[in-house]
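Got your viewer open? Load the model, colour it by secondary structure, and follow along one selection at a time.

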Amino acid sequence: MKRKIKIHREGRNIIVFLTFAIFVINVPVFLYTPHWISAVILVLTAALLLFTTYFFRNPLRILDVDDPNFLISPCDGRIVVIEPVFEPDYFKEERLQVSIFMSPFNVHANWYPIEGEVVRSEHQSGRHMGAWLPKSSTENERSLVVIRTPKNQEIMIRQVAGAMARRVVTYAKAGGKCHRNEHLGFIKLGSRVDLYLPLNTEIFVDFGDHVKGNETIIGKLRLTNETTNVDKLVVSSEE
């Protein structure tokens, strides 16, 4: 695993603008206010710049796996849902949902969880409820990406905006190829990513586990004729 951290392209312009704005604010404050006030303003604005830079960090993660059926976590965060649900937007059938909640302190870059072809990619407008709530998957602003694997299995990734996250960025384009170690997109501030998988998918994580994008193996796709007893799955969700 190679590790290298840089600033994500989604944050570069924001950081440049914020740096300029902080300079413009602090110069007159330093010249025309008492020193203790200028010191407080300087500390607060410097903290804001440091947090913004930290938020848009983009670690280079290169993962080599020997099984194309492994599903890699698309993002950093905590597992908040593992349960069979009816998926109404694309599959219109029961699927195994695995959801990962991303706090503002997680890396917010999203990676492709598996290789294949993007057969659908669309943005859906909606509300901005807390991303940890179950209803956020279907009512919040979100982006839907469906990938067909070389073995003709389909999975869906849904990027979900949260109460603070106001922009979901998706790079996936219908008809394009997707590969491991490539970014699927980026979500700004707290949010979540949902995976909708075949019901017989073998899951390697549990409710409450912390996972890392493009590092943690969260499951494995089975052949279509292999079965899994869904009733024995860890079925958990946050209320």
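Two strands count as paired if DSSP finds at least two bridges between them. Helices (H or I, at least four residues) and strands (E, at least two) are DSSP runs, numbered from the N terminus. This is a predicted model, with residues numbered from 1 along each chain as its sequence is written. Local features need pLDDT of at least 70 and side-chain atom pairs count only at pLDDT 80 or more, while totals for chains, interfaces and linings use all residues, and side-chain values use heavy atoms, with hydrogens and water left out.

**The whole chain**

Begin with everything on screen. The protein chain has three helices and 17 strands. Of its 239 residues, 49% are buried, where buried means under 20% relative accessible area, exposed over 50%, and partly exposed in between (1.4 Å probe, protein chains only). The accessible surface is about 12000 Å², and carbon and sulfur atoms hold 59% of that; the areas come from the Shrake-Rupley method with a 1.4 Å probe, and for residues only the protein chains shown count as cover. Take the contacts (heavy atoms within 4.5 Å) with a separation of 6 or more: 74% of those in the protein chain link residues 24 or more positions apart.

**Select β4 and β5**

Pick residues 77–87 for β4 and 93–102 for β5. The two strands run antiparallel, joined by nine bridges. Glu87 has Glu93 in β5 as its bridge partner. Five residues sit between the strands of this hairpin, and in the turn Lys92 has a positive phi of about 55°.

Now add β13, residues 191–197. β5 pairs with β13 as well, antiparallel and over seven bridges. Look for Phe101, which stands opposite Arg192 in β13. Is β5 mostly covered or uncovered? Covered: eight of its 10 residues are buried.

**Select the core**

Show the side chains of Ile147, Ile155 and Leu197. Within the largest nonpolar core, which has 29 residues, these three touch the most other members. A nonpolar core here is a set of buried Ala, Val, Leu, Ile, Met, Phe, Trp, Tyr and Cys residues joined through side-chain atoms within 4.5 Å. Elements giving two or more residues to this core include β4, β5, β8 (142–148), β9 (154–161) and β13. β5 gives the most, with four residues.

Centre on Ile155 next. Beyond its neighbours within four places in sequence, Ile155 is in contact with residues including Leu71, Phe91, Pro113, Val145, Ile147, Leu197 and Leu221. Another core, of nine residues, lies apart from the largest one, and Phe55, Val107, Ala109 and Phe186 are among its members.

**Select β7, β8 and β9**

Stay with β8. Because six of its seven residues are buried, β8 is largely enclosed by the rest of the structure. Strand β7 (residues 116–124) pairs with β8 antiparallel over seven bridges, and Gln124 has Arg142 in β8 as its bridge partner. β8 also pairs with β9, again antiparallel and over seven bridges. Here Val145 stands opposite Ile157 in β9. Follow the chain through the hairpin of β8 and β9: five residues lie between the strands, and Asn152 takes a positive phi near 65°.

**Select the small sheet**

Next come β3 (70–72) and β14 (202–203), plus β16 (residues 217–220). They form an open antiparallel sheet in the order β3-β16-β14. β3 and β14 are the edge strands, each pairing on one side only. β14 and β16 share two bridges, and Gly219 in β16 is the bridge partner of Ile203.

Just off this sheet's path, find Val65 in the loop between β2 (57–62) and β3. Val65 is partly exposed, at 27% relative accessible area. Which residues does Val65 touch, not counting those up to four places away in sequence? They are Phe70, Ile72 and Arg180. Along the chain Arg180 is 115 residues from Val65, yet their C-alpha atoms are separated by 9.3 Å.

**Last stops: α1 and the cysteines**

Select residues 9–32. Helix α1 has 24 residues and spans 36 Å from first C-alpha to last, close to the 34 Å expected at 1.5 Å a residue; the expected span is 1.5 Å times one less than the number of residues. Its buried residues are Glu10, Gly11, Ile15, Leu18, Ile22, Asn26 and Val29. An α-helix has 3.6 residues a turn, so residues three or four places apart point the same way.

Finally, highlight Cys75, buried at 0% relative accessible area, and Cys178, buried at 1%. How many disulfides does a search of the whole structure find? Zero, with a disulfide taken as a pair of cysteine sulfur atoms within 2.5 Å.
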